[in-house]
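Let's take a walk through this structure together. Have the sequence and the 3D view at hand, and we'll go from the whole chain down to single residues.

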Amino acid sequence: MDQLHFVTLKFLMEIHLKLKNGKLGCYKMKWQQAKNEDITPCNILERIIWHKDIEVSQMKERKPLSVLKKMLDDAPPVRDFVGALKEANSRTGLPGLIAEVKKASPSRGVLREDFDPVQIAKAYEKGGAACLSVLTDQKYFQGSFENLQTIRSSGVQCPLLCKEFVIDAWQIYYARVEGADAILLIAAVLPDLDIKYMIKICKLLGLAALVEFIFCLPLGTFKVDISNTKKLLEGERGQRILQKGITVVGESGLFTPVDIAYVQEAGVKAVLVGESIVKQKDPTSE
């Protein structure tokens, strides 16, 4: 693939992004500090990450990295996630669609009671999605790696993004073994050096890395402001991203064609849409 990694701009009001010395990845630093101190998580993202630390430790005991590396030979071939988005954008003139297979969220609860991941994935593909995003966090989003593996083995051709809260490189190997073509890396969780290291792991495994930047307001507002996409891309960092040819993905708060057109004008080449389509009985009609 001609571009290994790409970025997504996410606007979640229920999570307050904190900065420490101008660096991202503060949640990981706080969670590591909390191991030796009597500290409790103060918001949902911290709760997710602190629980993920325990979960991943247990998974690594059951399936060590040495075992995963041996399983790579039998893993399905990696498909070109970024290439699929670019092809869709070039063919339609619209941002490539990443449709999300998502049963629930901490803030919204269950989004769809009759949740059949394979049926939903096939409907998305039939409806023209370029790629799919599959939630794998079980405790807070009622997702699973079983869903990812089942969708991959069902014959769905769309490349798959493993939507996980990655805190350890082991998870990248596990996602690859389970059939992922791309994986999410959250900048608010991982320090810069960890992100660089994990992107190298992705490159080694042939996976695309989606680096997510979360921009939001304080807890409790639950408002979404997609104008932040335009503000970021018009700034110095945004211009550097565009000049490097990195594919930018708009995410969250996108519910109408007007929303899509707005972020497209800002420079977005792909969008990730979940809640607004997973609730539909027939996603192909949206």
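What percentage of the 286 residues of the chain count as buried? The answer is 55%. Keep in mind that we're looking at a predicted model. The chain holds 12 helices and 10 strands. If you take the contacts with a separation of 6 or more, 73% of them join residues 24 or more positions apart.

Let's begin with helix H7, which runs from 169 to 177. Nine of its nine residues are buried, so H7 is largely enclosed by the rest of the structure. Reading along the helix, those residues are Ala169, Trp170, Gln171, Ile172, Tyr173, Tyr174, Ala175, Arg176 and Val177. What do they pack against? There are four helices on the list: H2 (44–62), H3 (65–71), H6 and H8 (192–205). Strands S6 (160–163) and S7 (182–186) are on it too.

H6, one of those neighbours of H7, takes us to our next stop. This helix covers residues 145–153, and its axis comes within 9 Å of the axis of H5 (residues 117–126). The two axes cross at roughly 50 degrees. An angle like that falls outside the ranges for roughly parallel, antiparallel or perpendicular, so H5 and H6 count as oblique to each other. The crossing of H5 past H6 is right-handed. On the H5 side, Pro117, Val118 and Ala121 make the contact, and they meet Asn147, Thr150 and Ile151 of H6. Sorted by class, that contact has four nonpolar residues, two polar ones and no charged ones.

Before leaving this area, look at the loop between strand S5 (131–135) and H6, where you'll find Gln142. Most residues other than glycine have a negative phi. Gln142 isn't a glycine, yet its phi is positive, near 55 degrees. With a relative accessibility of 36%, Gln142 counts as partly exposed.

Now move along to helix H11, residues 257–266. Which of its residues are buried? They are Asp259, Ile260, Val263 and Ala266. These four span an arc of only 120 degrees around the axis, which is why they end up on the same side of H11. Turn to the face pointing away from that buried side and you'll meet the exposed residues Pro257, Val258 and Glu265. The cover over the buried residues includes helix H9 (227–234) and strand S10 (270–273).

Asp259 deserves a second glance. Its relative accessibility is 16%, and because the cut-off for buried is under 20%, Asp259 makes the list. Between Asp259 and Ser227 there are 32 positions in sequence, but their C-alpha atoms are 9.6 Å apart in space.

Ser227 also turns up where H9 and H11 meet. How do these two helices lie relative to each other, parallel or antiparallel? Their axes are 9 Å apart and the angle is about 5 degrees, so H9 and H11 are roughly parallel. From H9, Ser227, Thr229, Lys230 and Leu233 touch Tyr262, Val263 and Ala266 of H11. This contact is made up of four nonpolar residues, two polar and one charged.

Our last stop comes right after H11. Gly267 follows the helix, and its phi is positive, near 120 degrees.

Methods:
Residues numbered from 1 in each chain as written. Predicted model: local features only at pLDDT ≥ 70, side-chain atom pairs only at ≥ 80, totals over all residues. Heavy atoms only, no water. Buried < 20%, exposed > 50% of the residue type's maximum accessible area, 1.4 Å probe, protein only. Arc of directions from axis to C-beta. Contact = heavy atoms within 4.5 Å. Axes fitted to C-alpha atoms, helices over the stretch in contact; angles between N-to-C directions. Parallel < 35°, antiparallel > 145°, perpendicular 65-115°, else oblique. Left-handed = near helix turned anticlockwise from the far one by under 90°. Nonpolar A, V, L, I, M, F, W, Y, C, P; charged D, E, K, R; others polar.
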